[in-house]
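Subject: Structure for you to look at

Hello,

Here is the structure I promised. Please open it alongside this note; what I found follows below.

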Amino acid sequence: PMVVPTALAATPEERGLEIAQEVDRRDHGFIDQEADARMVLRNRQGEESVRVMRVRSLEGDNADSGAGDRGLIIFDEPKDVAGTALLTHSFPKKQDDQWLYLPSLKRVKRIASRNKSGPFMGSEFSYEDLSNQDVSKYSYKYLREEACGELQCFVMERYPKDKFSGYQRQVVYIDTVEYRPIKAQYYDRRNELLKTLTTADWTHHLDKFWRPGSMLMINHQTGKSTTFGWSNFRFRTGYNKSDFDKGALKRIR
């Protein structure tokens, strides 16, 4: 679909939706990807614990039965969580399906919709934050354009449609040139600022796809924070759907 020049957009809602669609359009076509991630959890006192994982994703074909992306996070360190894995199947029109594999119990546990706002593996990222941010899962409102660091950003609000979301709204900063999410502020159900996510160290892949090297999530209400460090991005590695089914969780190495 052709992108309407933003100057012609009639309402803040339409303009916000256009920007979200352009972010989505620019990330289309990566097919599959794999990366290494290091998650550092910090408590209020600044004490740290580290988790090391591999992250894989398979691009969905929204024409194909409305299936969205599939994602898999596999923990390698520390020993007490090694082999734990989170599988996500996202859908544009309905709630994502998420399963957690716990190797100690050798069982796959489904994450209930109403628990999506809970913390992922003790981090400040919730299951909801790690699921696919499909355009159709939110409504939007464009607010303004402003400087964000050295970049210029569109600032807009998005409102989750999911009644089990942990958020009333999110204020998202998208850079005006490459349409990358630079920052997001998350407001809880009482509409109080809960968390801020900041991305940095972006790299360009296959002449098209931008990926952040780091993502910092700060919880303003608890004083805790989590940093995701990303490295070793690999694209089009040949994964298929069977690598992302529930049975695959038990075969993970």
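Start with the largest nonpolar core. This core has 30 residues, and M39, M53, F75, F120, F228 and W230 touch the most other members. Many strands feed it: β1, β2, β3, β5, β10, β11, β14 and β15 each supply at least two residues. Bear in mind that the model is predicted.

M53 is worth a click. Leaving out residues up to four places away in sequence, M53 touches A35, D36, A37, M39, I73, I74, F75, D76 and F228.

Next, helix α1. It covers residues 12–26. Its 15 residues should span 21 Å at 1.5 Å a residue, and the end C-alpha atoms are 21 Å apart, so the two agree. R15, G16, E18, I19, A20 and E22 of α1 are buried. What covers them? The cover includes three strands: β7 (138–148), β8 (151–160) and β9 (167–175).

Last, T222. You will find T222 in the loop between β14 and β15. Is T222 buried, exposed or partly exposed? Its relative accessible area is 31%, which makes T222 partly exposed because buried means under 20% and exposed over 50%. Leaving out residues up to four places away in sequence, T222 touches R44 and E124. A polar atom of the T222 side chain also lies 3.2 Å from the backbone nitrogen of K224. D32 is another matter: the C-alpha atoms of T222 and D32 are separated by 36 Å, and the two residues are 190 apart along the chain.

Best wishes

Key. Residues are numbered from 1 along each chain as its sequence is written. This is a predicted model: local features need pLDDT of at least 70, side-chain atom pairs count only at pLDDT 80 or more; totals for chains, interfaces and linings use all residues. Side-chain values use heavy atoms; hydrogens and water are left out. Helices (H or I, at least four residues) and strands (E, at least two) are DSSP runs, numbered from the N terminus. The expected span of a helix is 1.5 Å times one less than its number of residues. Buried means under 20% relative accessible area, exposed over 50%, partly exposed in between (1.4 Å probe, protein chains only). Contact means heavy atoms within 4.5 Å. A nonpolar core is a set of buried Ala, Val, Leu, Ile, Met, Phe, Trp, Tyr and Cys residues joined through side-chain atoms within 4.5 Å. A polar contact is a pair of N or O atoms within 3.5 Å; within protein, one must be able to donate a hydrogen and the other to accept it, and residues adjacent in sequence count only if both atoms are side-chain atoms.
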